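Welcome! Please look through the sequence and the 3D picture below, and keep both at hand while you read.

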Amino acid sequence: MACVPGIPWAALALGVALVEFLRGGDTELAARDVRYGVLLTGGSLLAGVLMGLILAGGLVLASRVLTSPWALTLTGAVLGALVFPAEFLVVAIGTDGAVAQLGTTFLAWPFMTAVAAVHSTDIVGRTRRRTWLWAASGPAPGERPSPVSRSA
């Protein structure tokens, strides 16, 4: 959720810094763009870790009380909506409050909330629709194990 809005702006800032440096232009401007790129990359990664911990931790705690998949989906949506401002703050700091970058990050907010909601039941292990999350474990609670055939 975190790196989707921030990393493209970081790549753009680093690309502009490279062009400024190779063109022989303003090295102060190139240094500023490198700083913005590093701020956006590192900040997005840190925000992603914190957002993931809060989202997963909140969902695990909620799964102890809530039994309905829809309730967990709603909880995931609420938690996703509440933690996404961390990435908005990173983009605001890393771009000096640029309107275009903040606008697109703000528009990504509902989509990232929907992503958190859709994946919330898989995060707590209630469903196994995304097999890459559960490749090495057994069946989900309530599922029957697959029958084993005897080999001769």
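Contact here means that heavy atoms lie within 4.5 Å. This is a predicted model, in which local features need pLDDT of at least 70 and side-chain atom pairs count only at pLDDT 80 or more, while totals for chains, interfaces and linings use all residues. Residues are numbered from 1 along each chain as its sequence is written, and side-chain values use heavy atoms, with hydrogens and water left out.

Let us begin with E20. This residue sits in helix α1, which covers residues 3-23; helices are DSSP runs of H or I with at least four residues, numbered from the N terminus. Which residues does E20 touch, leaving aside its neighbours within four places in sequence? They are G25, D26, L29 and A30. E20 has a relative accessibility of 11%, so it counts as buried. On this scale, buried means under 20% relative accessible area, exposed means over 50%, and partly exposed is in between (1.4 Å probe, protein chains only).

E20 also takes part in a salt bridge, its partner being R23. The term stands for a side-chain nitrogen of Lys or Arg within 4 Å of a carboxyl oxygen of Asp or Glu. By this rule there are two salt bridges, and both are set out here.

| Salt bridge | N to O distance | Relative accessibility |
|---|---|---|
| R23 and E20 | 3.3 Å | R23 59%, E20 11% |
| D33 and R32 | 3.8 Å | D33 7%, R32 34% |

Why are R23 and E20 about one helical turn apart? Because they are three residues apart in helix α1. R23 counts as exposed, whereas its partner E20 is buried. In the other bridge, D33 is buried and R32 is partly exposed.

Now for the surface. L46, V49, L50 and L53 make a nonpolar patch of about 410 Å². Patches are built from residues with over 30% relative accessible area and no salt bridge, where like charges are joined within 9 Å and nonpolar side chains (Val, Leu, Ile, Met, Phe, Trp, Tyr) within 5 Å. Accessible areas come from the Shrake-Rupley method with a 1.4 Å probe; for residues, only the protein chains shown count as cover. One member of the patch, V49, is found in helix α2 (residues 27-63) and is partly exposed at 49%.

The aromatic rings come last. How many aromatic pairs does the structure hold? There are three. Rings of Phe, Tyr and Trp (its six-membered ring) pair if their centres lie within 6.5 Å; planes under 30 degrees apart count as stacked, over 60 as edge-to-face and the rest as tilted. Among the pairs is that of F84 and W109, which is tilted because the planes stand at 40°, with the ring centres 6.1 Å apart. This pair links distant parts of the chain, 25 residues apart: F84 is in the loop between α3 (69-83) and α4 (85-94), and W109 is in helix α5 (residues 99-123). F84 is buried at 0%, while W109 is partly exposed at 24%.

The rings of F106 and W109 have centres 5.8 Å apart and planes at 85°, so this pair is edge-to-face. Both residues lie in helix α5, three residues apart, about one turn of the helix. F106 is partly exposed, at 48%. Together, F84, F88, F106 and W109 form one aromatic cluster.

Notes. Helix = DSSP H or I, 4+ residues; strand = E, 2+ residues; numbered from the N terminus.
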